[in-house]
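I opened this notebook to keep track of what I looked up in one structure. The entries follow the order in which I went through it.

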Amino acid sequence: NMYIGGASLNLHWKNAQENAEAYEYRKISLDGEKTRTPNTSIATALKDEQWDYISLQQVSGHSGQFETFEKTLPQLLAYVKDQNPNPETEYILHQTWAYATTSGHTNFPNYDKDQDLMYTSIVNAVSKAQKLTGMEHMVPAGTAIQNGRSVLGEQFTRDGYHLSLELGRYTAACTWFEYLTGKTVVGLKFAPQGLSHQEIRVAQ
């Protein structure tokens with residue numbers, strides 16, 4: 001994971017053009033050990049592994065605005081493909097989630113502070129961005145979160161926009177796992193501590 005908090009596609013593209021060592025490069029090994037390497041560029045991380053998949057996403061506040069994808073995603077994707085030494089890598093667009101109905105995020109007014117409007121805007125914008133770039137995959141984490149809200153309400157974020165550490169993240173993780181492996185997560189034994197049986201079933 002190339003980490004900068006709240007980074008937009010525009011910022012990633014700027015960093016790519018400048019080969020900026022602007023990221024904390026986070027890796028989890030097969031034995032579960034997590035390492036953090038500061039001051040890493042996108043190009044350095046791309047050459048560090050033979051990546052099976054590489055995912056890109058827009059910052060949450062702009063994820064429902066197609067024009068923000070249109071301006072920078074094609075160029076960023078082309079850069080990543082050029083720098084990536086593995087020609088077999090497949091590319092994923094990550095669909096983020098709408099904010100909680102009570103969210104105080106500064107970008108929520110872009111969607112009239114309306115969760116349903118934000119969600120449908122994200123679905124439409126990400127779908128158009130995938131078609132624009134021809135990316136092979138789209139992981140619908142935002143749809144999974146919205147589906148869960150229809151049953152459990154506003155328990156999926158911890159501050160109105162970041163996913164809650166248990167239910168929200170588990171739901172997104174289940175979505176990614178099922179998408180990448182093709183295996184159902186329903187009935188999966190692993191779940192974070194503190195979740196009820198119902199919460200686990202809804203997340204799965």
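**Entry 1: two residues with positive phi**

I began with D112, which at 61% relative accessibility counts as exposed. The model I am reading is a predicted one. I located D112 in the loop between strand 5 (90-94) and helix 4 (115-133). Its backbone caught my attention: phi of D112 is near 55°, a positive value in a residue that is not glycine. I noted the background for this: most residues other than glycine have a negative phi.

I then turned to N19, where phi is near 50°, again a positive value in a residue other than glycine. N19 sits in the loop between helix 1 and strand 2 (23-28). Is N19 buried, partly exposed or exposed? I found a relative accessibility of 44%, so N19 counts as partly exposed.

**Entry 2: aromatic rings**

How many aromatic pairs does the structure hold? I counted three. One of them joins Y99 and F108, with 5.6 Å from centre to centre and 65° between the planes, and this pair is edge-to-face. Both Y99 and F108 are buried.

I looked next at Y170 and F190. Their ring centres are 6.3 Å apart and their planes stand at 65°, so this pair is edge-to-face. Y170 belongs to helix 6 (residues 167-181), while F190 is in the loop between helix 6 and helix 7 (197-203), so the pair ties together parts that are 20 residues apart in sequence. I checked the exposure of each partner. Y170 has 4% relative accessibility and counts as buried, whereas F190 has 57% and counts as exposed.

I also wrote down that Y99, F108 and Y161 form one aromatic cluster. A ring with a charge beside it went into the same entry: the charged end of R26 sits over the ring of Y3, at 3.8 Å from its centre.

**Entry 3: helix 1 against helix 3**

I reminded myself that two packed helices are described by the angle between their axes and the distance between the axes. For helix 1 (residues 9-18) and helix 3 (residues 66-83), I have an angle of about 35° and axes 9 Å apart. The crossing of these two helices is left-handed.

Which residues meet here? From helix 1 I listed L9, N10, H12, W13 and A16, and from helix 3 T68, F69, T72, L73, Q75, L76 and Y79. I sorted the residues of this contact by type and got seven nonpolar, five polar and no charged.

**Entry 4: helix 3 against helix 4**

Helix 3 also packs with helix 4, so I looked up that contact. The axes of helix 3 and helix 4 come within 10 Å and cross at roughly 35°. Is the crossing left-handed or right-handed? For helix 3 and helix 4 I have it as right-handed.

On the helix 3 side the contact is made by F66, F69, E70, L73, P74 and L77, and on the helix 4 side by A125, V126, K128, A129, L132 and T133. The residues of this contact divide into nine nonpolar, one polar and two charged.

**Entry 5: three single residues and their contacts**

S60 is placed in the loop between strand 4 (53-56) and helix 3. What does S60 touch, not counting residues up to four places away in sequence? I found T96, Y99, H105, Y111 and M118. I also compared positions along the chain and in space: S60 and F108 are 48 residues apart along the chain, and their C-alpha atoms are separated by 9.7 Å.

A7 lies in the loop between strand 1 (2-3) and helix 1. I have a relative accessible area of 10% for A7, so A7 is buried. Leaving out residues up to four places away in sequence, A7 touches H12 and V59. The C-alpha atoms of A7 and Q58 are separated by 7.8 Å, with their places 51 residues apart along the chain.

The last residue I looked up was K34, which is in strand 3 (residues 34-40). K34 is partly exposed, with a relative accessible area of 42%. Apart from its neighbours within four places in sequence, K34 is in contact with R26, K27 and I28.

Notes. Residues numbered from 1 in each chain as written. Predicted model: local features only at pLDDT ≥ 70, side-chain atom pairs only at ≥ 80, totals over all residues. Heavy atoms only, no water. Phe/Tyr/Trp six-rings, centres within 6.5 Å; stacked < 30°, edge-to-face > 60°. Buried < 20%, exposed > 50% of the residue type's maximum accessible area, 1.4 Å probe, protein only. Helix = DSSP H or I, 4+ residues; strand = E, 2+ residues; numbered from the N terminus. Lys NZ or Arg CZ within 6 Å of the ring centre and 35° of its normal. Axes fitted to C-alpha atoms, helices over the stretch in contact; angles between N-to-C directions. Left-handed = near helix turned anticlockwise from the far one by under 90°. Contact = heavy atoms within 4.5 Å. Nonpolar A, V, L, I, M, F, W, Y, C, P; charged D, E, K, R; others polar.
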